[in-house]
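User: I should like to learn how empty space and charged pairs are read from a protein model. Could we work through the example shown here?

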Amino acid sequence: MTNYMPILPIWGLDLLTECKVNHCFILPALWDIPSYRDYYTSRSWKTVIIDNDMYETPDKCADIQKMIGIADSLDSEYTFIVGPEDMEDGANTVPMIAETIKQHGDISDNWNLMSVLHGKPSDIINQYQQIRDLGVFAFGIAVSSWRQGYDRGAILRLIRPKVGDYFHAMGLDSLCEVVNINREGFDSVDSSFAATCAFNNIDMFNRWNVVRRNLPSDPARVDLTSDTASSDIREQTSINIQLLREYALNPVGFYREFMSVGPRTTLRMGRQLVDEVP
């Protein structure tokens, strides 16, 4: 079962509660914004992943001590802190994780360390084995693998995770990929897909792919620091969150139901399906 962790702007954080989302992905880069911090510390969570901000600021990893402080402030059943990584050469991540464990450990009462794997499938498998031997059991596979043409679901099957391992899909560009992410056993996936599609007036299940390659034609990622949005964007974001959550949990079954309902627009079809979400 794959849980969807929506990445939302300030204006949409309350939608996580409205949509009964209990698994979340936190960006330390936004933690100093009072409304962002106050929301995540005001309620309980089942699973929390605290990112290292490398996607937001590729040249600077979030301070591990700050991430530990965030973990200590949360009410969560399971919390993972994403350790340092080399996004260009995943082999360099191994000694970085080893050093992090040496300085901070790989587990505490409030958090567990997660490592992100990069590169070709063979590279990712080698990184997994080396980092697993260090005592880490939580891993992320970056969306860059998908962008390079690799199937993250197939990579997970090749890894053959050990019992007790936790695997997270870092980011999501394509709804097609969700089928294999779910089938092969990823525990969770994060993405700003729901809010970005609403912000750009994109029908998710008409477009399917929202890939950003720094081209003029790319849809703009929603501004995560924004604290205002129109009622239409908020409503569509709420619907998208619930559609994506149900789709991530059971993509094939959900899509068959989705296609059986009325006209092909996310808003009209989503409205009917969302009313049935428990």
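**Reading spaces and salt bridges**

Analyst: Helix α11 (residues 231-249) contributes 3 residues to the lining of the largest cavity, the most of any element. Please bear in mind that this is a predicted model.

User: How is such empty space found, and what volume does the largest cavity have?

Analyst: Rolling a probe the size of a water molecule over the atoms shows where empty space is left. Here the largest cavity holds about 40 Å³ of space. A search of the whole structure finds 1 cavity of 30 Å³ or more.

User: Which residues line the largest cavity, and how are they divided by class?

Analyst: The lining consists of Y4, L172, V178, V189, L244, Y247 and A248. By class, 7 are nonpolar, with no polar and no charged residues.

User: How many residues line the largest pocket, and which element gives the most to that lining?

Analyst: The largest pocket encloses about 700 Å³. Its lining comprises 41 residues, with Y55, M87, H118, A142 and V143 nearest the centre. The elements that each supply two or more lining residues are α5 (121-133), α6 (143-147), β8 (188-191) and α9 (193-199). Of these, α5 gives the most, with 4 residues. The classes in this lining are 16 nonpolar, 13 polar and 12 charged residues.

User: Let us turn to charged pairs. How many salt bridges are counted?

Analyst: Side chains of opposite charge can pair when their charged atoms come close. In this model the count comes to 10 salt bridges. One of them joins R147 and D173, with the closest N and O atoms 2.6 Å apart. This pair links distant parts of the chain, since R147 lies in helix α6 and D173 in the loop between β7 (166-170) and α8 (177-183), 26 residues apart.

User: Is D173 buried or exposed?

Analyst: D173 counts as buried because its relative accessible area is 2%, under the 20% cut-off. R147, at 29% relative accessibility, is partly exposed.

User: Which residues are joined into one network by salt bridges that share partners?

Analyst: Consider E184 and R157, whose closest N and O atoms are 2.5 Å apart in a salt bridge. E184 sits in the loop between α8 and β8 and R157 in helix α7 (residues 152-159), 27 residues apart. E184 is buried at 17% relative accessibility, whereas R157 is exposed at 54%. R183 also forms a salt bridge with E184, the closest N and O atoms being 3.3 Å apart. R183 is exposed, with a relative accessible area of 54%. Shared partners thus join R157, R183 and E184 into one network.

Technical notes
Residues are numbered from 1 along each chain as its sequence is written. This is a predicted model: local features need pLDDT of at least 70, side-chain atom pairs count only at pLDDT 80 or more; totals for chains, interfaces and linings use all residues. Side-chain values use heavy atoms; hydrogens and water are left out. On a 1 Å grid over the protein atoms alone, a cavity is a set of points where a 1.4 Å probe fits but cannot get out, and a pocket is an open set with protein on both sides within 12 Å along at least five of seven lines; lining residues have an atom within 4 Å of a point. Grid points are joined across faces, edges and corners, and a volume is the space filled by probe spheres set on the points. Ala, Val, Leu, Ile, Met, Phe, Trp, Tyr, Cys and Pro count as nonpolar, Asp, Glu, Lys and Arg as charged, and the others, Gly among them, as polar. A salt bridge is a side-chain nitrogen of Lys or Arg within 4 Å of a carboxyl oxygen of Asp or Glu. Buried means under 20% relative accessible area, exposed over 50%, partly exposed in between (1.4 Å probe, protein chains only).
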